[in-house]
Amino acid sequence: MEGLMEIGRSNIFGGYNMSPTLGCSMTFYIYLPLSADSQKHPTLYWLSGLTCSDENFTIKSGAQHAASIKGVALMAPAISPRGLNVEGEADSWDLGVGAGFYLNATQEKWKNGQMYAYVVNELPKLLSYNFQEPFIRKRCR
């Protein structure tokens, strides 16, 4: 019988945090490439769209292989706040818990829908603190 030859190894972390911005717990997945030369990696944030979840990208894309080669970290947050029991949140596939809108809601009914603030402000700081990675957003040109 032939032995196995390792061709790659992945380091994916699935976690959640209680978000003060959104008022609920949020899940996310992060991939950190194994790198002998540096602990600091550029980070690609994958924002899934309508009816998807943070798992769609991490499971189906195969992006970890390319990210490993290029030394890029991957971050896939949940698409919307869950468990807030907002009236009508599950009535439609394109609004509420199935939505993938990364903006700050302005209507009182959806007051916890502050996804822009969560993704741009809260999440990078949380990850930088817990993973000692520079997840703070930097403008790319």
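**Questions on a predicted chain**

Biologist: What is the relative accessible area of Phe101?

Modeller: In this predicted model, Phe101 counts as partly exposed. That class lies between buried, under 20%, and exposed, over 50%. Phe101 belongs in it because its relative accessible area is 40%.

Biologist: Which residues make the nonpolar surface patch of about 610 Å²?

Modeller: Phe101 is placed in the loop between β4 (73-77) and α3 (115-131). It is one of the residues that make this nonpolar patch on the surface. The full set is Leu50, Trp93, Leu95, Phe101, Leu103 and Tyr116.

Biologist: In what order do the elements of the chain run from the N terminus on?

Modeller: The chain has three helices and four strands. Read from the N terminus on, these elements run β-β-β-α-α-β-α.

Biologist: What share of the contacts with a separation of 6 or more is between residues 24 or more positions apart?

Modeller: A contact here joins residues with heavy atoms within 4.5 Å. Among the contacts in the chain with a separation of 6 or more, those between residues 24 or more positions apart account for 60%.

Biologist: Why is the pair of Trp46 and Phe57 called stacked, and at what angle do the planes of the rings lie?

Modeller: The structure holds one aromatic pair. The rings of Trp46 and Phe57 have their centres 4.5 Å apart. Planes under 30 degrees apart count as stacked. The pair is therefore stacked, as the planes of the two rings lie at 10 degrees.

Biologist: Which parts of the chain does the pair of Trp46 and Phe57 tie together?

Modeller: The parts are 11 residues apart in sequence, and the pair ties them together because each residue lies in one of them. Phe57 is in helix α1 (54-60), whereas Trp46 is in the loop between β3 (43-45) and α1. The parts are thus the loop between β3 and α1, and helix α1.

Biologist: Which residue of the pair is buried?

Modeller: Trp46 has a relative accessibility of 38%, so it counts as partly exposed. Its partner has a relative accessible area of 9%, and buried means under 20%. The buried residue is therefore Phe57.

Biologist: Which element gives the largest share of the largest nonpolar core?

Modeller: The core has 17 residues, and those that touch the most other members are Met26, Phe28, Ile30, Met115, Tyr118 and Leu127. Two or more residues come from each of β2 (24-31), β4 and α3. The largest share, six residues, is given by α3.

Biologist: How many residues does the second, separate core have?

Modeller: In soluble globular proteins, nonpolar side chains tend to be buried together. Besides the largest core, the chain has a second, separate one that includes Tyr31, Phe57, Ala63 and Ala76. Its number of residues is six.

Biologist: What distance separates the C-alpha atoms of Tyr16 and Met26?

Modeller: Tyr16 lies in strand β1 (residues 12-19) and is exposed, with a relative accessible area of 63%. Leaving aside neighbours within four places in sequence, Tyr16 is in contact with Ser25, Met26, Thr27 and Phe28. Tyr16 and Met26 are 10 residues apart along the chain, and their C-alpha atoms are separated by 5.2 Å.

Biologist: Which residue forms a salt bridge with Glu108?

Modeller: The structure holds one salt bridge. Glu108 counts as exposed, at 59% relative accessibility. The closest N and O atoms of the bridge are 3.6 Å apart, and the partner of Glu108 is Lys111.

Notes: Residues numbered from 1 in each chain as written. Predicted model: local features only at pLDDT ≥ 70, side-chain atom pairs only at ≥ 80, totals over all residues. Heavy atoms only, no water. Phe/Tyr/Trp six-rings, centres within 6.5 Å; stacked < 30°, edge-to-face > 60°. Buried < 20%, exposed > 50% of the residue type's maximum accessible area, 1.4 Å probe, protein only. Patch = residues over 30% accessible without salt bridge, like charges linked within 9 Å, V, L, I, M, F, W, Y side chains within 5 Å. Areas by Shrake-Rupley, 256 points an atom, 1.4 Å probe, with all protein chains shown as cover. Salt bridge = Lys/Arg side-chain N within 4 Å of Asp/Glu carboxyl O. Core = buried A, V, L, I, M, F, W, Y, C linked by side-chain atoms within 4.5 Å.
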